[in-house]
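Biologist: I have a structure open on my screen and would like to learn how to read its features. Could you walk me through some of them?

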Amino acid sequence: MQTAKTGSGQSGYNSTGKVDGYSAGVYGTWYQDASSLNGAYLDSWLQYSCMKGEVNGDQISSERYDIDGLSASLEAGYRMPVYQGENGDVFVTPQAQVIWNGIKADDHTEANGTKVQSKGNNNVQTRLGVKLSRDGVSDMDKGKLFTTYVETNWIHNTEQAEVSLDGMIIKQSGNANIAELKLGAEGQLNNKVSLWTNVAQQVGDEGYNDTALTVGIKFKF
C-alpha cells in the first residue's frame, strides 16, 4: 500500500490519497557464474498489476478509481570483486536497466461531474548506475549472509505523469532526468526467508525531489 499527501501553496487546499492492490508476473535471471554471482548477469520480468486508488480532498467527496496494466524490465550488469576480507567481500557493479510501464488509471467521473483521465502512460525509463556492495556473515552465524550497499543512478523518463481534468492538463515536472542515491541492506533469517530494505533520494529539475523508504520480505520455494 502507498499513501500520499498533497498541498497547494496557491489555494491552501490539501488532499490525501492511497493506492493498494497486487502484482503478479514472471521473472528470470541469468548469471555468468551462478555459484559466485560474479561477472555478467541479465535480469528480466513481466508483471501485471491491479490496484485500487482513493483520493480525499478538502470539502469534496472521496473518490475511488481502478488502476491496472502491464510493465516489463530488462537489466544488465557486471559484478566485480574489489576486496576480500575474513568475514566479507566488497563488490562494484555497473548496471543498466530499461523499464516499460503500461500501468494506467481508468477514466473516472467525479461526484461533481469532473471527468478525470490519466495521461503520460507507456513511459520508458532508462537507468545507468553503479553499485558498491559488501557481502558478509556474522561471527555468530557463518551460514547467514548480510549485504549492505550504496548505489548511484542517472534515470531518464520519456513521459511525464499527467492527469486531465475536463481537458485541463496537470503534470509532474522535473522528472525527465533524475539523479538518485540509494542505501540498502538485505539479510537472511534462514535458508528460505530474507528481509530487505532501502532508502532512496531522487533530485531532478524545477525543484523535483522524492524520498522513498521500502521494506520487503523474500521467500524461496
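**Reading turns, rings and patches**

Modeller: Gladly! In the hairpin of S14 and S15, five residues sit between the strands, and Glu206 there takes a positive phi near 55 degrees. Keep in mind that this is a predicted model.

Biologist: How do strands S14 and S15 pair, and over how many bridges?

Modeller: Strand S14 covers residues 193–203 and strand S15 covers residues 209–219; they pair in the antiparallel sense over 11 bridges. To follow one of these on screen, start at Ser194, whose bridge partner in S15 is Lys218.

Biologist: Which residue in the loop between S2 and S3 should I look at for its backbone?

Modeller: Try Leu37, which is found in that loop. Leu37 is not a glycine, yet its phi is positive, at about 65 degrees. With a relative accessible area of 34%, Leu37 counts as partly exposed. Asp166 is another non-glycine with a positive phi, of about 50 degrees. Asp166 lies in the loop between strand S11 (162–165) and strand S12 (168–171). Because its relative accessible area is 55%, and exposed means over 50%, Asp166 is exposed.

Biologist: Now the rings, please. How is a pair of aromatic rings described?

Modeller: A pair of aromatic rings is described by two things, the distance of the centres and the angle of the planes. This structure holds one aromatic pair. The ring centres of Tyr31 and Tyr41 are 6.4 Å apart and their planes meet at 40 degrees, so the pair is tilted. Tyr31 lies in strand S2 and Tyr41 in strand S3, so the pair ties together parts that are 10 residues apart in sequence.

Biologist: Is Tyr41 buried or exposed?

Modeller: Tyr41 is buried, with a relative accessible area of 11%. Its partner Tyr31 is partly exposed, at 34%.

Biologist: Which residues lie over the face of a ring?

Modeller: Arg79 lies over the face of Phe91, at 3.6 Å from the ring centre. Lys131 lies over the face of Tyr149, with 4.4 Å to the ring centre.

Biologist: And at the surface, which residues make the nonpolar patch?

Modeller: Tyr22, Val26, Leu46, Tyr48, Leu70 and Trp100 make a nonpolar surface patch of about 570 Å². The elements giving two or more residues to this patch are strand S2 (14–31) and strand S3 (39–57). Tyr48, for instance, is found in strand S3 and is partly exposed, with a relative accessible area of 35%.

Technical notes. Residues are numbered from 1 along each chain as its sequence is written. This is a predicted model: local features need pLDDT of at least 70, side-chain atom pairs count only at pLDDT 80 or more; totals for chains, interfaces and linings use all residues. Side-chain values use heavy atoms; hydrogens and water are left out. Patches are made of residues with over 30% relative accessible area and no salt bridge: like charges are joined within 9 Å, nonpolar side chains (Val, Leu, Ile, Met, Phe, Trp, Tyr) within 5 Å. Accessible areas come from the Shrake-Rupley method with a 1.4 Å probe; for residues, only the protein chains shown count as cover. A salt bridge is a side-chain nitrogen of Lys or Arg within 4 Å of a carboxyl oxygen of Asp or Glu. Helices (H or I, at least four residues) and strands (E, at least two) are DSSP runs, numbered from the N terminus. Buried means under 20% relative accessible area, exposed over 50%, partly exposed in between (1.4 Å probe, protein chains only). Rings of Phe, Tyr and Trp (its six-membered ring) pair if their centres lie within 6.5 Å; planes under 30 degrees apart count as stacked, over 60 as edge-to-face and the rest as tilted. A charge sits over a ring if NZ of Lys or CZ of Arg is within 6 Å of the ring centre and within 35 degrees of the ring normal. Two strands pair if DSSP finds at least two bridges between them.
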